[in-house]
Amino acid sequence: MIGDGLAIGIDIGGTKVAAGVVDAQGRVVARARRDTPTRSPQAVEDLIAELVAELSAHHDVVSVGIGAAGFVDATRSTVVFSPHLAWRDEPLREAVEMRVRARLGRRVGRRTLVENDANAAAWAEYRFGAGRGEPRLVVITLGTGIGGAVVNDGRLQRGRHGIAGEFGHMVLVPGGRRCECGGRGCWEQYASGNSIGRDGRELARGGSPFAHALLAGAGGDPEAVRGPVVTAAALAGDPAAVEVVEDTGRWLGTGIANLAAALDPGTFVIGGGVSDAGELLLGPAREEFRRTLTGRGHRPEARIVRARLGPDAGLVGAADLSRGWG
């Protein structure tokens, strides 16, 4: 346990790298952000070192936590596999510490920790957000894909090899849509930001008269229809976009029911950018969850709630975990 001082949290996304100095109450007291440079691990590592150097120049920090999308090994130092970044067995902790020392002539804090980004976000929601006070918690992050994490009695459940919680790659439709992981029919192909965008583009490409709002939001280009465009149109009341989001919500509810059968948590917290759709997404998810839950009507039902910390969750959780919690 390092203590309760300031810590730096880094959240590596497919399009941006967000960083912040986080205090012991989960408050972000300083921020920095850059576009993700390339899929190259070396370029991203250089950027992380730049951000750590920038933030540590004005704050005395005790540790650094890095949240990365993908499988992180049990030592929380190496990204074993990332389906959305071209990383395979990448020694991220060592690489970042080496680059920070090269920039500053010293290390920053007493340790650097690498954590799966969904684990980091889940920890933040457990400690400071929608899951606070819930001893059995499952957090599902809906973004480009689907990530997830489980907290039991104040401990993240990382699994034997450190890569538990990859819920997005549960197979919901055998032989279904091809997934970036190499499989078919994975949950994230039906209930993620990518799936919302794909369904919206299908409507737009087909010249459907119901796709007018989607095309307008994408500047008239069907290929520019992405998840945020569909979500914005749905929130504005466009019927076609609402239907796409509601369909996604039903797929979300089916997967949550499967997780409830296996894990029986008290609360599911839904985060990530797709959760911006709010009740348009969560309402159908709850209905489908109740319809498909094993033993429905004869067992307590978990709550399904929206995450509270928004895009800060990953960096807040990574920072807090680097202090030695979780």
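Domain bounds, as used here, come from an automatic or database domain assignment. The structure is a predicted model.

**Exercise 1.** State how the chain is divided into domains and how far apart the C-alpha centres of domain 1 and domain 2 lie.

*Solution.* Begin with the segments. Domain 1 takes in two stretches, 7–123 and 312–324, while domain 2 covers 134–307. Next, take the C-alpha centres of domain 1 and domain 2: they are 26 Å apart.

**Exercise 2.** Describe the contact between domain 1 and domain 2 by residues and by buried area.

*Solution.* Count the residues on each side: domain 1 contributes 16 residues, in contact with 20 residues of domain 2. Then turn to area: about 1,400 Å² is buried between domain 1 and domain 2, and 61% of it lies on carbon and sulfur atoms.

**Exercise 3.** Identify the salt bridge counted between domain 1 and domain 2, and give the number of residue pairs in polar contact.

*Solution.* The count of salt bridges between the two domains is one. Arg-158 and Glu-115 form a salt bridge through their side chains, with an N to O distance of 2.8 Å. This distance satisfies the cut-off for a salt bridge, which is within 4 Å. For polar contacts, the count between the domains is two residue pairs.

**Exercise 4.** Determine which elements give two or more residues to the side of domain 1 that touches domain 2, and the character of the residues on that side.

*Solution.* The elements are strand 5 (71–72), strand 8 (112–116) and helix 3 (117–128). Helix 3 supplies the largest share, five residues. By character, the residues on this side of domain 1 comprise nine nonpolar, four polar and three charged.

Notes: Residues numbered from 1 in each chain as written. Predicted model: local features only at pLDDT ≥ 70, side-chain atom pairs only at ≥ 80, totals over all residues. Heavy atoms only, no water. Contact = heavy atoms within 4.5 Å. Buried area = accessible area lost by both parts, 1.4 Å probe. Polar contact = N/O pair within 3.5 Å; in protein donor to acceptor, adjacent residues only side chain to side chain. Helix = DSSP H or I, 4+ residues; strand = E, 2+ residues; numbered from the N terminus. Nonpolar A, V, L, I, M, F, W, Y, C, P; charged D, E, K, R; others polar.
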